[in-house]
Amino acid sequence: MLTEYELTLFAARDSEVADALHAWDAAMIAELARALEKLGCARPFDAAKTLLHMMRGHELDSLSRHDADPEDLRRRLRVVVGALVADSAPKQRNERAARRR
């Protein structure tokens with residue numbers, strides 16, 4: 001985690017490294033968006049970007065905490081992902097009902 005943060009700091013000063021880091025982020029967002037779409041998320045790319053930014057914030061906070069609990073993070077991520085997917089559920093139900101008519 002510390003290495004990734006150091007890479008991010010270096011990317012702030014080197015445009016070539018920044019481009020590579022942004023390409024990596026785009027690939028991670030695309031993969032995460034695919035998974036979220038399969039779960040029924042209505043806006044998977046927005047949700048994926050939000051999750052990535054949330055994780056980056058968690059990583060930054062965790063750098064100084066030696067008591068970080070992975071189970072706590074997992075629990076909180078489930079709440080967020082559940083909310084992102086549940087937000088899509090009413091819309092999907094309405095679309096299915098409209099198709100039946």
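**Entry 1: the fold**

I take a helix here to be a DSSP run of type H or I with at least four residues, with the numbering started at the N terminus. On that reading, I find Leu2 in helix H1. I note before going further that I am working on a predicted model. I then looked up the secondary structure of the protein chain, which comes to five helices and zero strands, and I wrote down the order of the elements from the N terminus as α-α-α-α-α. I also looked up burial over the chain, and I record that 21% of the 101 residues count as buried.

**Entry 2: the nonpolar patch**

I went back to Leu2 and asked which residues form a nonpolar patch with Leu2 on the surface. I found Tyr5, Leu9 and Leu60 there along with Leu2, and together the four have about 350 Å² of accessible area. Helix H1, which I have as residues 2–11, gives the largest share of this patch, with three residues. For Leu2 I note a relative accessibility of 48%, and because exposed means over 50%, I enter Leu2 as partly exposed.

**Entry 3: the largest pocket**

I turned next to the largest pocket, in which I find about 150 Å³ of space. I count 13 residues in its lining, and those that lie nearest the centre of the pocket are Leu32, Leu51, Leu52, Met55 and Leu77. Which helices each supply at least two residues of this lining? I have helix H2 (15–38), helix H3 (44–62) and helix H4 (70–86), and of the contributions to the lining I mark that of H3 as the most, at five residues. I sorted the lining by class as well, and I obtained ten nonpolar residues and three charged ones, with no polar residue.

**Entry 4: salt bridges**

I looked up the salt bridges and found nine in the structure, of which I followed some one by one.

I began with Asp46 and Arg43, which form a salt bridge whose closest N and O atoms are 2.5 Å apart. Are these partners buried, partly exposed or exposed? I have Asp46 as partly exposed, because its relative accessibility is 36%, whereas Arg43 is exposed, because its relative accessible area is 57%.

I then took the salt bridge between Arg65 and Asp61, where I read 2.8 Å between the closest N and O atoms. Arg65, with a relative accessible area of 45%, is partly exposed, and I enter Asp61 as partly exposed too, at 38% relative accessibility.

For the salt bridge of Asp72 with Arg76, I record 3.1 Å between the closest N and O atoms. How many residues apart do Asp72 and Arg76 lie in helix H4? I count four, about one turn of the helix. Asp72 has a relative accessibility of 26%, and since buried means under 20%, I list Asp72 as partly exposed. I put Arg76 down as partly exposed as well, with 36% relative accessibility.

I close this entry with the partners that recur: I find Glu4, Asp25, Arg56 and Glu59 joined into one network by salt bridges that share partners.

Notes:
Residues are numbered from 1 along each chain as its sequence is written. This is a predicted model: local features need pLDDT of at least 70, side-chain atom pairs count only at pLDDT 80 or more; totals for chains, interfaces and linings use all residues. Side-chain values use heavy atoms; hydrogens and water are left out. On a 1 Å grid over the protein atoms alone, a cavity is a set of points where a 1.4 Å probe fits but cannot get out, and a pocket is an open set with protein on both sides within 12 Å along at least five of seven lines; lining residues have an atom within 4 Å of a point. Grid points are joined across faces, edges and corners, and a volume is the space filled by probe spheres set on the points. Ala, Val, Leu, Ile, Met, Phe, Trp, Tyr, Cys and Pro count as nonpolar, Asp, Glu, Lys and Arg as charged, and the others, Gly among them, as polar. Patches are made of residues with over 30% relative accessible area and no salt bridge: like charges are joined within 9 Å, nonpolar side chains (Val, Leu, Ile, Met, Phe, Trp, Tyr) within 5 Å. Accessible areas come from the Shrake-Rupley method with a 1.4 Å probe; for residues, only the protein chains shown count as cover. A salt bridge is a side-chain nitrogen of Lys or Arg within 4 Å of a carboxyl oxygen of Asp or Glu. Buried means under 20% relative accessible area, exposed over 50%, partly exposed in between (1.4 Å probe, protein chains only).
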